[in-house]
Amino acid sequence: MSDLAWIEAALTSARPQAIGALLRYFRDLDTAEEAFQEACLRALRSWPDKGPPRDPAAWLILVGRNAGVDTVRKLSRQQALPDEAAISDLEDAEADLAERLDGADYRDDILRLLFVCCHPDLPATQQIALALRIVSGLSVKQIARAFLVGESAMEQRITRAKARIAKADTPFEAPGPIERAERLAAVAAMIYLVFNEGYSAGPGATDARAGLADEAIRLARLLLRLFQTEPEIMGLTALILLQHARAAARFDSAGEMVLLDDQDRRLWNAGLIAEGLALIDKAMRHRRPGPYQVQAAIAALHARAAAPAETDWAQIDRLYATLERLQPSPVVTLNRAVAVSKVAGPAAALAMIEPLAPRLTGYFHFHGLKGALLLQLGQTEAARVAFGQAIALANTPAEAAHIRARLDRLLPENDAGAST
Amino acid sequence: MLYAILCYNDEASVGAWSKAEEDQVMDALWAVQEPYVQAGRMGPVARLLPTTAATTLRKNGDEPLVIDGPFAETKEQLLGFYVVDCDDLDAALALARDLAKANPGLGSYEIRPVLTHRPGTLPA
């Protein structure tokens with residue numbers, strides 16, 4: 001790897017910690033970002049010659065803090081700090097300084113920064129855009145490409161989000177245990193949103209959009225490093241690792257969606273699966289189940305089955321029942337019905353989803369599953385109606401193509417039926 | 001003489017590598033090891049999952065404490081390691097508990113899942 005690539009990787013990985021600390025000093029997102037930017041420029045000038053510092057985040061915080069103070073001259077009462085040349089030469093002193101300056105605050109700095117981005121006043125789309133811009137450091141152009149909007153529209157979206165945050169009073173003192181737990185839950189939800197933006201994108205999606213899944217994994221691992229004993233954060237990380245592990249098998253070469261049962265399991269990423277399984281294993285020992293853990297446990301059962309026939313559907317059914325209790329939703333019941341159809345047959349599953357119709361009438365997957373179950377029961381005509389409704393509600397071309405292919409397979413049988 | 005070479009780095013940076021960067025580094029590392037493997041002088045090589053997947057068993061009187069996360073004390077030193085195939089974390093923890101019991105004094109055992117491993121070519 002070239003020097004530059006190494007430095008870029010180090011800057012990216014230090015970014016949340018550095019901006020989080022700078023936000024605490026300056027209490028203003030724009031100032032913190034500018035100070036970090038300046039520190040990065042100085043790093044690019046100084047690190048290639050001197051070599052990277054032992055603790056890049058501490059270096060960037062100190063240099064960024066000096067740069068920010070120079071720029072805004074807000075904190076004139078602050079004590080003078082050594083200049084960056086002195087710090088780079090004295091690695092031990094630098095580590096010691098960083099310790100004294102921040103110590104245990106790092107964890108809450110990063111959590112605060114993440115939390116600021118998913119402030120409840122912000123709509124989900126703004127939360128994601130802001131987090132990707134500020135925490136992940138993606139350019140406005142990259143984010144715009146990921147969301148298929150123009151650069152200026154995305155710029156506006158981010159500016160509006162920042163303006164809202166500036167008005168919403170963010171507390172800067174260390175959070176209490178209840179507040180910390182609330183922030184953690186909001187941040188976990190935001191990270192899962194980022195993941196789903198990448199995951200739900202079809203095969204024709206831009207690299208920028210598909211890259212969102214990787215970015216979400218990076219953020220989840222970051223959060224887990226900070227909160228090592230939180231089973232739900234283990235569960236969240238495991239869930240997105242296990243889902244992302246199937247990425248290469250989810251679409252065929254023609255770009256058509258491949259259902260779980262039909263996926264080539266050799267294409268699943270063994271490394272991501274190993275990490276996901278290890279994390280869910282760890283989480284379950286806490287005996288404090290939550291929605292992310294249960295969903296991860298379901299994904300783990302799929303990952304553990306070497307072939308579809310080996311899937312433990314009875315256990316998946318029980319886990320969905322748990323999820324229904326923890327987080328009741330018609331979509332959860334719909335997913336449970338898939339397990340029920342494997343364990344108790346399509347009629348039982350159909351009876352389970354029929355009461356959901358009023359609430360899921362606009363939901364693609366409801367009609368898709370209904371069609372599939374009717375087909376298994378031999379009710380071809382009704383199946384065809386359901387598939388037709390699914391196509392009308394498809395969110396992506398791949399979804400529509402998938403259902404259309406099922407309809408095409410249906411047609412000849414139908415004709416044969418009509419002629420006899 | 002057999003030597004163990006233990007690798008340390010910032011896992012957040014390494015985790016931020018792209019697939020291409022990752023492959024490039026692994027190829028370069030393999031090129032260094034290969035002559036030793038060919039000569040029958042390379043023992044097992046393991047790449048560990050991140051510390052977020054680690055669990056630590058800390059000896060603390062009668063009943064050892066199980067802590068999420070890696071071993072983080074600086075007062076104790078790394079003295080050795082085992083690589084073992086267990087069905088799950090509970091089984092690995094059970095083995096670590098037995099080791100802790102068989103061993104006098106205090107100390108800790110960090111249990112870290114292995115991502116990839118090669119058994120090596122050392123004669124037994």
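## The cavity lining

Five nonpolar, two polar and no charged residues line the largest cavity (Ala, Val, Leu, Ile, Met, Phe, Trp, Tyr, Cys and Pro count as nonpolar, Asp, Glu, Lys and Arg as charged, the others, Gly among them, as polar). They are Trp6(A), Ala9(A), Ala10(A), Asn9(B), Ser13(B), Val14(B) and Trp17(B). Helix H1 (3-26) of chain A and H1 of chain B each give two or more residues to this lining, and H1(A) has the largest share, three residues (helices are DSSP runs of H or I with at least four residues, strands runs of E with at least two, numbered from the N terminus).

The space in this cavity is about 40 Å³.

## About the model

This is a predicted model, where local features need pLDDT of at least 70 and side-chain atom pairs pLDDT 80 or more, while totals for chains, interfaces and linings use all residues. Residues are numbered from 1 along each chain as its sequence is written, chains are lettered from A and ligands numbered from 1 in the order in which they are written, and side-chain values use heavy atoms, leaving out hydrogens and water.

## Where the chains meet

Let's turn to the interface. Here 28 residues of chain B are in contact with 21 residues of chain A (heavy atoms within 4.5 Å). On the chain B side, 14 of these residues are nonpolar, seven polar and seven charged.

The rule finds two salt bridges across the interface (a side-chain nitrogen of Lys or Arg within 4 Å of a carboxyl oxygen of Asp or Glu). Asp90(B) forms a salt bridge with Arg285(A), with the closest N and O atoms 2.9 Å apart.

How values were computed: 1 Å grid on protein atoms, 1.4 Å probe; cavity = no way out; pocket = protein on both sides within 12 Å on 5 of 7 lines; lining within 4 Å. Points joined across faces, edges and corners; volume = space filled by probe spheres on them.
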